[in-house]
Every structure is written in C-alpha cells, then in structure tokens.
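Visitor: I'd like to learn how to read a model like this one. Could you walk me through it?

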Amino acid sequence: MGELWWWLFGIVVLFFCKGSSAQIRYSISEEQKDGAVVGNVAKDLGIDPRVLRERGFRIVSSGGESLFRVNENDGVLHVNGKIDREQVCDKSSACVINLKLVLENPLEIHYIAVEILDINDHIPSFTEKVKKIEIFESALPGVRFQLQPAQDVDAGTNSVQQYRLSQNEHFRIEVKERAAHGKIPFLILQKQLDREAIPNHKLVITASDGGKPPKTGTMEISVDVLDVNDNSPVFTRDAYSASLNENVPAGTTVMRVNATDLDNGTNGEVFYAFSNDVNIKFRELFDIDSATGDIIVKGLIDFEENDAYEIDIQASDKGLAPLTADKSVLITVVDVNDNAPEIEVTSFSSAVPEDARIGTTVALISITDADSGMNGKVVCSLAEDLPFKLTPSLQDNVYSLVTKSLLDRESTSHYDITLRAKDEGEPSLTSEKTITVLVSDVNDNSPEFPVTSYTFYVKENNVPGEPVFSVSASDKDTGDNALVTYQICRDCGDNPFVSYLNINSENGKVYALKSFDFESMKTFHFHVLATDGGTPSLTSNVTVNVFILDENDNAPKILFPMNSNGSAEGVEELPRNVNPAHLVTKVRAYDADVGYNGWLLFSLQEVTDHTLFSLDRYTGQLRTMRSFTETDEAEHKLIIIVKDNGNISLSATATVGIKLVEPKEAFAASDSKSVAQGEDENSITFYLIITLGAVSVLFLVSIIVLVVMQCSKQKDYSSKYLQDAAYDGTLCHSIQYRSGDKRYMLVGPRMSIGSTIVPGSNANTLVVPDRRRTSIEVSKRVTK
C-alpha cells in the first residue's frame, strides 16, 4: 500500500513539472555589443536544441522590444542592442532583468534573470566649474560652508567615494554621509582669514569614484575675503509723502529719498531698493532708482483700485557686509474721471406679449460708476425713440424699463434697445448697452389665402385618390398660432360635389375621391376653411372654382347610314346618267367630346374605284367624280372612316354600298323602295327630329345666355357654356366660357378670327378677344 502512494505521488510531481517553470540567472556587463552571448539557455535547461523551433521557443515580453533575443536553432541568449545600465536601472544597486521563455506542445515556462553589471564608464562631475564663496575677515574658525556634491551616474563602488582639497592652511574638507544624497562635502574654516594679507583664496576640490582605476572630477573654489562694515546709512528726513494723479504715464517721478553713510569707500556708497516685504503688486506699479533714490511710476495707477500706497524703502551701503536702513514713504492717489458708467441689467424679461398693457415692466437697470464725486454721478436714457421708456426708482441709479405704447409683433417682432449712461465728470464719459426684447405672439391674426378665390382646371378621367390641386394659407402669427390646418366646408350650402373631394389638413392638397367626367359635369365650386392652432383658434375661408377639361375619351358614333339592326351600313341606288359632283349620300356622325377631341374628319378607307367617288373631309358628303360608263361595275362598296382630332385619335367606320341602275329602274325602284322601307325611314326620321329639336333648344338657350353675358360684362369664374350651330358637316360642338378678363373656347371645326391658343391647353383652348359684338357660335346640330 505504501509503494502505491509513492508511485501516485511521483506521477503527480512529474505532471506538474511538465508544465511548470524553471529559472536560471546570468550576469553580463553593460555596454556589450549587439549580439553578445549571454548564455546557452537550452543547454542550461536541458532542452534538446533540435525541438526548439518546433515547440516555438521564444521570449515573451509584456512591454516593447526586449533587450535580449534567443536563437531558435541553438537556444543561445544574445544581447539585443547595446545595454546602458544607467538608462535601464537608473541608480538601483542591483539591475536585474527578468525574462520569460515559453515552449509549446507541451507548454513549458522558464524564468531567466539577467543581472546587468555596472562598469566604471562615467566620471564624477560638479554642476559648477567655479564655486564662489564670500567670507568676512571677522569670521571665526569652525564656520562651515556646504558644497554641491559631485554627480556620478555609476552605481555601487563606481560612484563617488571620496573628496580631497588642494593643500592650504586655512580650509579643510569634511564629508558627511546622507542616505538620499550620498556623500556631501563641507568646506571648514580652520584658521581666521586676513583680508589685508590674502584677499582671495583659490582652492581645488577633487571627487574620486571607486573604480579601478578610479576616475576623478574637479571644481575650483574661489573664496573672497570681505572687509568689515560698521556704519549704517541714515535718511535725511524723518517722513516722506507725495500726491499723484491716477493714470499718469509710466516714467513719471513721484519723489526722491536720500540717505548718507559715514563709512569710507564702498562701505560709504549708498544704493536704494524696496524692502523685501514690499507687495509684489506695488513693485509692478513703482520702481526706484538705486543710485538717486527717485521713486518712478512703472505701471497703471488706478484710484479705484487703491487710493494710497505706503512703501518701505531700504538704503544699503556697498560694504562687503552691507548695512541697511529702512524708511516708509506714503503716496496718495488723486481721482480722475477715467471710468465710464457700467450698465447692469439686474432683472430682464426677454419676451413681452404683444398685448401687454402700457406700463408693463420689461427690465430693471442698475448703473454704477467706479469714480467718486461728480465723476461718479450718472444719468441714464434710451438712445432712440421706441415704444419703451425708463422710469427712475427710489434708489439712486436704478431704473425700470417699461412699455409706453402698445406692441404689435407682426410689424416688429423684436426691439434692440440701446441704454445710454453718461456721467458728469470733466470730460464726461458715456457707455451704452444693447438688450434685445422679443415680442411674443398672441393669436390676433386669421389665416390668409393669397387670392380671394381659386380657379383650377382638372382633366377628366383623373385617377381617384390622387391630388388634383392644392390651396395654401399663411398666418402672420408664429408657432402654434401660425400652424394652419385645412378642411372642406361641407355645411356651406347644398353642394353635392364636396362628397367627391377630400383635403390634407396639413398641406392643403385636395384629392379627388372619384374620376371626373366632362360630359356629365363641367364645373363646380366649393369652400375651403383654414384654421390656425391658436387658443381660441381663428378661421378664414376661400372659394375654389373647378373646371373639368375634356379629354378624348369618346369615339365618334355613326348616325347615318344605320340599318335596322344597328350596324353602320347602308345601300344607295344611283342612276348611271348622273352628272359629276352628284351628291350620292352624306355620312353623319357625332362625338360627345368637345374642341379638337370632337372635331370629326372623314376619309375613304376602302373603295372599289378611286376615280368614281370623292368624300368631303369635313362634311362627309359623298359625291361622284365623273360620269359613269358602260364598263363601270354595277355595284360598289365604300368603307368610310370617321376620326376625331384628339391627341390619341379615336375612330368609327361606316359601310356604304352603291348600286348603279338605269334611270327608269332607278325611278321605279325608288318608288317601291320608299313604300317598302317606309317604316325604316319613319324610324330614322323620328330620331333625327328628336335630335334636331334638342339641338335647336340648346342653341336658343345658348344664344340667350351669350347675349346676357355680353351685356352684363361681369367677371364670373363659373364657365358660361353656349351651344353653337356653326358647322354643317357633322354633329360637333364647342364650349365657350369666361375667367377673369379673358374668355376661353374649346375649339370646334371653325375658329373665329383673332383667337389665340392658350399655353398648356393641349391646343384645344382659344382665348377670344372681348369684343362686344363678336361671338363664337357653338352648336350641336345634325346636318342632313
């Protein structure tokens, strides 16, 4: 049982050791060349060099570029660039760089520590080449003077280890060890000085490091022996004072101070300066001539900042150990009117409703002037005439800005009010400040349409649900008060056409809910309401007149010839002895459209002999072109096509059969045919009479309406439709109407002289000159 436990323990140790780490430590001197060998890591770790590349043997660095690199072929660790110990480890006593090496499959991590050994590559150096020291000849032995220690960036024994002083009898060097700064040298006076014997001592201090061989650095020490001064300067006056206007230019002399010294030579020469405790602000404003004692203005003197200055003056002699005397100087500043009034808006309502009552307070104005006396007395006013005024309050230099008349935002939406403040100094100073007062909107304007009424022309057969036109209204107010919504007035009289329309409440687009048909409805009108979003809301309305424009959506209909079963076919018997230009028959047709869409043209589509018959293009009259001969066939079949003049032409055809008979047979056949076909003729005649009667009634009504229109001369946006009977070849009609100062006509087969085509009317609308006695005959008539 014990052996089994030991066996399991060995397996666990082996398993953990397989992925665990091992550590090796190397040492290398700094300043080695790039590629210098540190050690054979693979050999020291017992790793077969042949598997290093396969297992990805490498150095893992968490920072930038590593200072070392490992060869994957032989496992040798090399220096990667020149290493400066002082740069890598600064002044650390031990400079150790830890590396992490990794192998994979299986994972192994090895830690390597490389110690960078310092070499003595730097010499000790002093920060100063020459150190000057002044010592009075009265100084007693034992006086110590601390010197600046020498600097050596090397570490350990290669740093500064000792100091030596050149041979002399008056001074010696003493070194103290301090943890933070190392060895600190002190110069010790060991024998009293005699300035008259030796006024200056030249010494050399040498610093040595512990390198082998040691390196040294030197510094010269110059000791000046100073004479003893035993008399202080004395001011000639007990007190000094002066007055000074503010804002005097720099360089102005304020006053002069004077002091004397009983000593001789330099110990008796006096110079002047401000005492050390003088405020730095005072030093920025004043300066003193060290030789003459003149106090001079240096900066800007401002009474409002300080009305008096008390400055301590120090007089010193020029002895080696100077003696001093102090005296206070009082400078009084005189005020000058150099400050313009300052305008402060303490309370401000940036927006005032346009219906505000007269006297409404808009802002509280406070005026201040830093000057004193009359220089600080201020009067405030408005720079221009506005519907506002300033009213003084009980407190000095405080005003209220109030309205003095009614406001109207639509005429002026804001006011830039310039406040002007003027003091009573000599000369007086003025300042201005502009504030902007917005006039807030009140819903006092109704929406406005750009025209008193709209007139729109809409083509028939429009797509239901699509917008056909739009209306627009504006509101002079702003915000919700100017937000206009639209609706169709459905309670404005008995108007069935409003059920065909809908309007977008936001943009005023009007949509047709059904397709319009010119033949059944030619014009209508309705009212649109525009309502703003104010509280309470305001509303206006406009009349919209709509004219339906005709499109070519009706094909011509043949009225004659027409047989009993409704087909456009007929047979005519013609004697052979008729003369040329004999009227054989007349094709009659009708088109429900108007203008060019209802203007019909006739042509022969098929004919047995082109030399026998001709068809009038406009009237539909079929006539003979020549006399018949014996060789001409007895029966002929003609197919006549009737087309309108729409952009996309529509047509219908009629078939006319012609039988040539002898004159006597024709007369007999005519009698028998009239008896046999009496009923058919009566039927056709009945329909023709009805048509003629209807056209006649429409013609009379049209003439009456036309006469009334010409006599009234009123501007009517509704179309006045007149029926005309001007064309004698087919059933054709035209429409005449007025809009504003112009009259329009949808053209039939004839046009009056002086008519012009209206742009955008697809060449079927004419503008007719407004002549009193000129009219366009418009008819709907059947021509036999």
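**Strands and sheets**

Guide: Let's start with a pair: β16 and strand β23 (residues 324-334) run parallel to each other and are joined by six bridges. Two strands pair if DSSP finds at least two bridges between them. Helices (H or I, at least four residues) and strands (E, at least two) are DSSP runs, numbered from the N terminus. One bridge to look at is Asn245, whose partner in β23 is Val334. Before we go on, this is a predicted model, where local features need pLDDT of at least 70 and side-chain atom pairs count only at pLDDT 80 or more, while totals for chains, interfaces and linings use all residues. Residues are numbered from 1 along each chain as its sequence is written, and side-chain values use heavy atoms, with hydrogens and water left out.

Visitor: Which sheet does the pair β16-β23 sit in?

Guide: An open sheet of four strands, ordered β16-β23-β22-β19, with mixed pairing. Its edges are β16 and β19, each of which pairs on one side only. On average, neighbouring strands here are turned by 30 degrees against each other, direction ignored. For such angles, axes are lines fitted to C-alpha atoms, for helices over the stretch in contact, and angles run from 0 to 180 degrees between N-to-C directions.

Visitor: And what order do the strands of the three-stranded open sheet take?

Guide: That order is β2-β5-β4, with antiparallel pairing. The edge strands, pairing on one side only, are β2 (37-40) and β4 (68-70). From one strand to the next, the twist averages 20 degrees. Inside this sheet, β4 and strand β5 (residues 76-79) run antiparallel and are joined by three bridges. Try finding Phe68, whose bridge partner in β5 is Val79.

Visitor: How many helices and strands does the whole protein have?

Guide: Six helices and 51 strands. Contact means heavy atoms within 4.5 Å. Among contacts between residues at least 6 apart in sequence, 66% join residues at least 24 apart.

**Buried or exposed**

Visitor: Now burial. What share of the residues is buried?

Guide: Buried means under 20% relative accessible area, exposed over 50%, partly exposed in between (1.4 Å probe, protein chains only). Buried residues make up 41% of the 784 residues here.

Visitor: Is Cys89 buried or exposed?

Guide: Cys89 has 12% relative accessibility, so it counts as buried. You'll find Cys89 in helix α3 (residues 85-89). Beyond its neighbours within four places in sequence, Cys89 is in contact with Cys95 and Val96. The C-alpha atoms of Cys89 and Ile116 are 8.9 Å apart, with their positions 27 residues apart along the chain.

Visitor: Why does Arg576 count as buried?

Guide: Because its relative accessibility is 17%. Arg576 is in the loop between β40 (569-575) and β41 (583-586). The Arg576 side chain reaches the backbone oxygen of Asp632 at 3.4 Å. A polar contact is a pair of N or O atoms within 3.5 Å; within protein, one must be able to donate a hydrogen and the other to accept it, and residues adjacent in sequence count only if both atoms are side-chain atoms. Setting aside neighbours within four places, the contacts of Arg576 include Phe628, Glu630, Asp632 and Leu660.

Visitor: What about Asp261: how far away is the nearest side chain of opposite charge?

Guide: Lys and Arg count as positive and Asp and Glu as negative; His and the chain ends are not counted. A salt bridge is a side-chain nitrogen of Lys or Arg within 4 Å of a carboxyl oxygen of Asp or Glu. Asp261 is buried yet has no salt bridge, and the nearest side chain of opposite charge, Lys318, is 11 Å away. Asp261 lies in the loop between β18 (259-260) and β19 (270-274). Leaving out neighbours within four places in sequence, its contacts include Asn231, Ser232 and Asp317.

**Backbone oddities**

Visitor: Which backbone features should I check in the loops?

Guide: Look at cis peptide bonds and positive phi. The bond from Lys212 to Pro213 is cis, with omega near 0 degrees, and Pro213 lies in the loop between β13 (200-209) and β14 (216-226). The bond from Glu426 to Pro427 is cis too, with omega near -10 degrees.

Visitor: And what is the phi of Asn247?

Guide: Asn247 has a positive phi of about 70 degrees although it is not a glycine. At 31% relative accessibility, Asn247 is partly exposed.
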